[in-house]
Amino acid sequence: MNRDIEAFPERFFAWLLQTDLVLPDLDCCSDPSIGRESSNSETHNEDFVNSELGDCDIEDWELDDFDLLESEVLNATLNRTSTSEVLRQTPQKPSDIPAVQDRFQAILKRRLKTEIQKNPPLFPWETEISDYEPDVPTRVEPESIPERHLWTTELQKFKLPVSIPPEISAQLLDRCQAVVQSSRTETTKLVRAVEPLFPGHSQMLNKFADKVLMPTAGNSANTVDCFQETPKFPCSYEAATLAEQMVLLLLAGRQIIRSLTVAVSPTQLTVEREWLTTAGLLTLEVEYQLQKQLITSVRILGRFPCGGSLKFRGGQALASTQRPDLGCLSVELFDLEPDRSYPLEVKFQQLGQKPLIFAVLVSGQ
């Protein structure tokens, strides 16, 4: 019974095609015997269809019962039946693959893909579809990093009583870069860096700066406490008094200026400096080369977390290099004068136009 049902579509379309093939012959043939044979054939085919369909009326079939896959299969069956006579007369090669089989496989793959997209499979431990966090940390795109906060990440490493607001940190860093090349005393440079944030308080800043730079002021917390009547610093920068804010920024400015200054000498031939940025860790290595007690060159090697450039200026000379991706860069200047400070500009590509400026202090003693 099952075999008859499975073979029904093919046999049904074979009957339709047989009818189409007989009708044209009736028009061109005048032999009444052929007409009788055709009539008998039609009667036989009608009995066959009635026996197969039973009481089912074809007009009552619902088109909604056929989906895309079923319609494709029926079309493929019709094409195969219409060419069955031709295929019987044409010799087949062993390497030939029937077009119906290829078509059916393509339809089946498309149908499975659609079903999987609608209802993705679950793991054995899952009861519903859920999103998972990526295994690797999301890479920060250069365009998403604020320019003013690119270099201030290093300031978060400083040992301060409380953290400084990001906007104030950015202003303080800009001021420290502007004065780091100056040949003035450390106290003067520190006051000039902080003074724009407290206009009109130069005298008080000078007084606090002298105490901040005292050798005993190595512990920032003790330095702050010596200016206060209470032993504990406020819990935030905004809650601090004006004097407390001055001391806090002087402490931060001192560490910034010292971090931006790289001093090399015959007794300190190599100095390494690290600076944490929002793009990653920047590492600079300054090498001081001597020959017969004369400065022959200063070579700087930089390891970049992303694409960037180095510019090292010495009088009229300029050494610069750049690369589009992360890696190492190197610059070198010759015949530098001793006891002078030379600017070194570090810049990250696609992260704004403002560089980070170091002062390379070359000492002859």
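These legends go with close-up views of a predicted model of one protein chain.

**View 1. The whole chain, before zooming in.**
The protein chain has 365 residues, and 33% of them count as buried. Its secondary structure adds up to 10 helices and 9 strands. Looking at contacts with a separation of 6 or more, 58% link residues 24 or more positions apart. The accessible surface is about 23500 Å², with carbon and sulfur atoms supplying 53% of that.

**View 2. The five-stranded sheet, in the order β1-β9-β8-β5-β6.**
This sheet is open, holds 5 strands, and its pairing is mixed. Which strands sit at the edges? They are β1 (261-264) and β6 (317-323); each has a single partner strand, so one side of each lacks a neighbour in the sheet. On average, neighbouring strands here are turned by 20 degrees against each other, direction ignored. As a reminder when tracing the pairing, strands of a sheet pair through backbone hydrogen bonds, either parallel or antiparallel.

**View 3. The β5-β6 hairpin at one end of the sheet.**
Strand β5 (residues 308-314) runs antiparallel to β6, and 7 bridges join the two. Start with lysine 311, which stands opposite serine 320 in β6. Then move to arginine 313, whose bridge partner in β6 is leucine 318. The two strands make a hairpin with 2 residues between them. Glycine 315 is in that turn and has a positive phi of about 70 degrees. Beyond the hairpin partner, β6 has no other strand beside it, since β6 is an edge strand with a single partner.

**View 4. Phenylalanine 312 and the largest nonpolar core.**
The largest nonpolar core has 65 residues, and Phe312 is among those that touch the most other members, together with Trp151, Val298, Val346, Phe358 and Val362. Which helix gives this core its largest share? That is helix α10 (residues 242-260), with 10 residues. Now zoom in on phenylalanine 312 itself. Setting aside neighbours within four places in sequence, its contacts include Val298, Ile300, Val331, Leu333 and Val360. Also on the contact list of phenylalanine 312 are Ala317, Leu318 and Ala319, and Leu318 is the residue that pairs with arginine 313 in View 3. Leu336, Tyr342, Pro343 and Leu344 are among its contacts as well.

**View 5. Two aspartates with positive phi in the β7-β8 loop.**
Aspartate 335 lies in the loop between β7 (327-334) and β8 (340-348), and aspartate 339 is in the loop between β7 and β8 too. Most residues other than glycine have a negative phi. Aspartate 335, though not a glycine, has a positive phi of about 55 degrees. For aspartate 339, also not a glycine, the positive phi is about 60 degrees. Are these side chains in a buried or an exposed setting? Aspartate 335 has 67% relative accessibility, so it counts as exposed. Aspartate 339 counts as exposed because its relative accessibility is 53%, and the cut-off is over 50%.

**View 6. Helix α7 and what covers it.**
Helix α7 spans residues 186-194, and its buried residues are Thr187, Lys189, Leu190, Val191, Ala193 and Val194. What covers them? The cover includes α6 (166-179), α8 (202-212) and α10, and α10 is the helix met in View 4 with the largest share of the core. Aspartate 210 is a good landmark here, sitting in helix α8. Aspartate 210 is 23 residues from threonine 187 in sequence, but their C-alpha atoms are 6.6 Å apart. Aspartate 210 is partly exposed, at 43% relative accessibility.

**View 7. Threonine 152 in the loop between α5 and α6.**
Threonine 152 belongs to the loop that links α5 (99-118) to α6. Is threonine 152 buried or exposed? With a relative accessibility of 10%, threonine 152 counts as buried, because that falls under 20%. Leaving out neighbours within four places in sequence, threonine 152 is in contact with Ser169, Ala170 and Leu173.

**View 8. Cysteines in a structure without disulfides.**
The structure holds 0 disulfides. Cysteine 235 counts as exposed, at 73% relative accessibility. Cysteine 328 is partly exposed, with a relative accessible area of 42%.

Technical notes
Residues numbered from 1 in each chain as written. Predicted model: local features only at pLDDT ≥ 70, side-chain atom pairs only at ≥ 80, totals over all residues. Heavy atoms only, no water. Buried < 20%, exposed > 50% of the residue type's maximum accessible area, 1.4 Å probe, protein only. Contact = heavy atoms within 4.5 Å. Areas by Shrake-Rupley, 256 points an atom, 1.4 Å probe, with all protein chains shown as cover. Disulfide = S-S within 2.5 Å. Core = buried A, V, L, I, M, F, W, Y, C linked by side-chain atoms within 4.5 Å. Pairing = 2+ DSSP bridges. Axes fitted to C-alpha atoms, helices over the stretch in contact; angles between N-to-C directions.
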